[in-house]
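Work through the exercises below with the model open. Try each task before reading its solution.

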Amino acid sequence: MSQQVPEDGTLLPLMEEFYTIQGEGYHSGKAAYFIRLGGCDVGCHWCDVKESWDASLHPLTHADQIVANAERYPGKAVVITGGEPLIYNLDYLTAELRKRGIKTFIETSGAYPLSGYWDWICLSPKKFKSPVPSIGQHAGELKVIVFNKSDFAWAESHAQLVSPDCKLYLQPEWSKSQEMIPLIIDYVKENPKWEISLQTHKFLNIP
């Protein structure tokens with residue numbers, strides 16, 4: 001899916017970009033410019049952006065243009081997401097953003113080696129393709145999606161892979177929220193190293 005993308009990351013398959021409020025995790029509630037890259041082979045069956053999976057559906061866009069678009073907005077933070085953004089070399093894009101005083105955040109499953117220069121890394125591992133072991137030590141935030149009861153033990157196994165300072169979040173999968181939220185509440189009360197993340201942007205009806 002990434003064969004046509006230059007190895008230097010100067011062209012990237014851009015699915016969408018938009019200025020909004022971060023809805024999840026540590027930076028929830030803050031203004032941010034989202035850059036969603038096309039291409040993913042992790043294959044979460046509950047993914048709500050399956051149209052991002054096929055990179056060939058999304059136009060190759062010059063990283064300089066993406067940076068210029070982000071620079072127009074007053075919120076000087078960019079969230080790079082996907083798809084799975086680490087399929088691509090993100091060194092060039094993130095270096096150019098940081099030159100302009102824009103903070104760089106990424107949301108990744110960790111399934112590919114880390115590239116890019118980051119102010120914040122949100123690692124959201126998926127059962128369908130395990131994260132690269134080394135990426136955990138760089139994560140500022142571990143966000144585990146809870147789809148069923150077995151995900152609590154799975155979350156604990158990944159908490160062992162991150163640094164002691166990493167923030168730990170449990171987030172209900174949206175379609176299972178009513179079922180999972182009570183279980184997450186009970187779990188966090190018993191295991192207070194974890195916090196609850198909710199998809200507040202969906203409650204607010206914003207992107």
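**Exercise 1. Asn 205**

Classify Asn 205 as buried, partly exposed or exposed, then place it in the chain and describe its backbone.

*Solution.*
Step 1. This is a predicted model. Asn 205 has a relative accessibility of 69%.
Step 2. Exposed means over 50%, so Asn 205 counts as exposed.
Step 3. Asn 205 sits in the segment after helix 5.
Step 4. Its phi is positive, about 60 degrees, although Asn 205 is not a glycine.

**Exercise 2. A cis peptide bond**

Which peptide bond has omega near 15 degrees, and in which loop does Gly 83 lie?

*Solution.*
Step 1. The bond runs from Gly 82 to Gly 83, and it is cis.
Step 2. Gly 83 belongs to the loop between strand 4 (77-81) and helix 2.

**Exercise 3. The surroundings of Thr 94**

Locate Thr 94, judge its burial and list its contacts.

*Solution.*
Step 1. Thr 94 is part of helix 2, residues 91-99.
Step 2. Its relative accessible area is 0%, so Thr 94 is buried.
Step 3. Set aside neighbours within four places in sequence. Thr 94 is then in contact with Ile 80, Thr 104, Gly 116, Tyr 117 and Trp 118.
Step 4. One of these partners also takes part in a polar approach: the side chain of Thr 94 reaches the backbone nitrogen of Tyr 117 at 2.9 Å.

**Exercise 4. Salt bridges across the chain**

Find the salt-bridge partners of Lys 129, Lys 143 and Asp 151. For each pair, state which parts of the chain are linked.

*Solution.*
Step 1. The count of salt bridges comes to eleven.
Step 2. Lys 129 pairs with Asp 41, with the closest N and O atoms 2.9 Å apart. Lys 129 lies in the loop between strand 6 (120-123) and strand 7, and Asp 41 in the loop between strand 2 and strand 3 (60-62), so the pair ties together parts 88 residues apart in sequence. Lys 129 is partly exposed at 26% relative accessibility, and Asp 41 is partly exposed at 36%.
Step 3. Lys 143 pairs with Glu 107, the closest N and O atoms being 3.3 Å apart. This pair links strand 7, which holds Lys 143, to strand 5, which holds Glu 107, across 36 residues. Lys 143 is buried at 2%. Glu 107 is buried at 17%, since the cut-off is under 20%.
Step 4. Asp 151 pairs with Lys 127, the closest N and O atoms being 2.6 Å apart. Asp 151 is in helix 3 (residues 151-159) and Lys 127 in the loop between strand 6 and strand 7, 24 residues apart. Asp 151 is buried at 5%, whereas Lys 127 is partly exposed at 40%.
Step 5. Look for shared partners as well. Glu 71, Glu 96, Lys 99 and Arg 100 are joined into one network of salt bridges.

**Exercise 5. The largest pocket**

What is the volume of the largest pocket, and which residues lie nearest its centre?

*Solution.*
Step 1. The largest pocket holds about 830 Å³ of space.
Step 2. Its lining has 39 residues, with Glu 24, Arg 36, Asp 48, Val 49 and Thr 81 nearest the centre.
Step 3. Sort the lining by class: 15 residues are nonpolar, 13 polar and eleven charged.
Step 4. Sort it by element. Those supplying at least two residues each include strand 1 (11-21), strand 2 (31-37), strand 8 (167-172) and helix 5 (200-204). Strand 1 gives the largest share, five residues.

**Exercise 6. Enclosed space**

How many cavities of 30 Å³ or more does a search of the whole structure find? Describe the linings of the largest and the second largest.

*Solution.*
Step 1. The search finds three cavities.
Step 2. The largest cavity has about 60 Å³ of space. Among its lining residues are Glu 24, Phe 105, Ile 106, Glu 107, Trp 120 and Cys 122.
Step 3. Strand 5 contributes the most to this lining, three residues. By class, the lining has six nonpolar, two polar and three charged residues.
Step 4. The second largest cavity has a volume of about 40 Å³. Its lining includes Leu 123, Pro 131, Leu 142, His 158 and Val 162.
Step 5. Eight residues of the second lining are nonpolar and two polar, with no charged residues.

Definitions and conventions: Residues are numbered from 1 along each chain as its sequence is written. This is a predicted model: local features need pLDDT of at least 70, side-chain atom pairs count only at pLDDT 80 or more; totals for chains, interfaces and linings use all residues. Side-chain values use heavy atoms; hydrogens and water are left out. On a 1 Å grid over the protein atoms alone, a cavity is a set of points where a 1.4 Å probe fits but cannot get out, and a pocket is an open set with protein on both sides within 12 Å along at least five of seven lines; lining residues have an atom within 4 Å of a point. Grid points are joined across faces, edges and corners, and a volume is the space filled by probe spheres set on the points. Helices (H or I, at least four residues) and strands (E, at least two) are DSSP runs, numbered from the N terminus. Ala, Val, Leu, Ile, Met, Phe, Trp, Tyr, Cys and Pro count as nonpolar, Asp, Glu, Lys and Arg as charged, and the others, Gly among them, as polar. Buried means under 20% relative accessible area, exposed over 50%, partly exposed in between (1.4 Å probe, protein chains only). A polar contact is a pair of N or O atoms within 3.5 Å; within protein, one must be able to donate a hydrogen and the other to accept it, and residues adjacent in sequence count only if both atoms are side-chain atoms. Contact means heavy atoms within 4.5 Å. A salt bridge is a side-chain nitrogen of Lys or Arg within 4 Å of a carboxyl oxygen of Asp or Glu.
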